[in-house]
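Student: Could you walk me through this chain? I'd like to get a feel for the fold and then ask about a few residues.

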Amino acid sequence: MPNLNIVLVEPQIPQNTGNIARTCAATGATLHLVRPMGFEVDDKKLKRAGLDYWHLLDIRYYDGLDDFFARTGGPYVFFSSKGGKSYIDHDYPYGVYLVFGREDAGLPDRLLIERADCQARIPMISEARCLNLSSSVAVGAYEALRAQGFVGLKDKGSLAGATL
């Protein structure tokens, strides 16, 4: 089981999903895509955004939210601009699923009501509706990975052969 799972519910914009796929590949997270989607997975824009990282990606598909929940066991954190709790106030145990909604509508209200105890909000000014989906995923993913101690990730770089 991966230490982190990123879930996109009905993603609509291939470039966002491609960027998120690259983040998942670079962090070792599994990407879960919940249909219906606004594009085909072989979409050129999706592939271009992920560049040459596709061979590093573990990607899984589901035919709707019911299928997703039937095949996964949690724990879940639901990211939403409607959430009442900051994303930094959550626990991110090994294997957590970070769940994000579609770009134009977010997660369904019924789901947020049912799962009110595990909603996460990224703070922003009141005039802003939300962040871009791929930006939100990056914020959530790296907070979860930080909380887990960046297990399995290279955290030191090198410059001209010198270790930093």
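Tutor: We can take the overall fold first, then the sheet and its helices, and then some single residues.

Student: Before we start, what kind of model is this, and how many helices and strands are there in the chain?

Tutor: This is a predicted model, and the chain has five helices and eight strands. Read from the N terminus, the elements follow one another as β-α-β-α-β-α-β-β-α-β-α-β-β.

Student: How much of the chain counts as buried, and what about its accessible surface?

Tutor: Of the 164 residues, 44% count as buried. The accessible surface comes to about 8,800 Å², and 51% of that belongs to carbon and sulfur atoms. As for the contacts with a separation of 6 or more, 75% are made by residues 24 or more positions apart in the chain.

Student: OK, on to the sheet. What is the strand order?

Tutor: It is an open sheet of six strands with parallel pairing, in the order β3-β2-β1-β5-β4-β6. The edges are taken by β3 (58-62) and β6 (119-120), and because each has a single partner strand, one side of each is left without a neighbour in the sheet.

Student: Zoom in on β2 for me. Which residues of β2 point which way?

Tutor: Thr30, His32 and Val34 point one way from β2, while Leu31 and Leu33 point the other way. The strand is mostly covered, with five of its five residues buried.

Student: And how many bridges does β2 make with β1 and with β3?

Tutor: β1 and β2 pair in the parallel sense over five bridges, and the pairing of β2 (residues 30-34) with β3 is likewise parallel, over five bridges. To follow this residue by residue, Leu8 has Leu33 in β2 as its bridge partner, Leu33 in turn is partnered with Tyr61 in β3, and His32 is partnered with Arg60 in β3.

Student: Where do the helices come in?

Tutor: Helix α1 (residues 14-27) lies across β1 (4-9) and β2, running at about 150° to β2. Helix α5 (residues 133-147) also packs on the sheet, where it touches β1, β4 (76-79) and β5 (96-100), and its direction makes about 160° with that of β1.

Student: What's the handedness of the crossover from β1 through α1 to β2?

Tutor: Taking β1 and β2 as the parallel pair with five bridges, the β-α-β crossover that leads from β1 through α1 to β2 is right-handed.

Student: Switching topic: where does Ile13 sit, and is it buried, partly exposed or exposed?

Tutor: Ile13 is in the loop between β1 and α1, and with a relative accessible area of 35% it is partly exposed, because that value falls between the 20% and 50% cut-offs.

Student: What does Ile13 touch?

Tutor: Leaving out residues up to four places away in sequence, Ile13 touches Phe39 and Glu103. Ile13 and Arg102 are 89 residues apart in sequence, yet their C-alpha atoms are 8.8 Å apart in space.

Student: Last one, since I care about cysteines. How many disulfides does a search of the whole structure find, and are Cys24 and Cys118 buried or exposed?

Tutor: The search finds zero disulfides. Cys24 is buried, with a relative accessible area of 1%, and Cys118 also counts as buried, at 14% relative accessibility.

How values were computed. Residues are numbered from 1 along each chain as its sequence is written. This is a predicted model: local features need pLDDT of at least 70, side-chain atom pairs count only at pLDDT 80 or more; totals for chains, interfaces and linings use all residues. Side-chain values use heavy atoms; hydrogens and water are left out. Helices (H or I, at least four residues) and strands (E, at least two) are DSSP runs, numbered from the N terminus. Buried means under 20% relative accessible area, exposed over 50%, partly exposed in between (1.4 Å probe, protein chains only). Contact means heavy atoms within 4.5 Å. Accessible areas come from the Shrake-Rupley method with a 1.4 Å probe; for residues, only the protein chains shown count as cover. Two strands pair if DSSP finds at least two bridges between them. Axes are lines fitted to C-alpha atoms, for helices over the stretch in contact, and angles run from 0 to 180 degrees between N-to-C directions. A disulfide is a pair of cysteine sulfur atoms within 2.5 Å. A crossover is right-handed if, with the strands pointing away from the viewer, the path from the first strand over the helix to the second runs clockwise.
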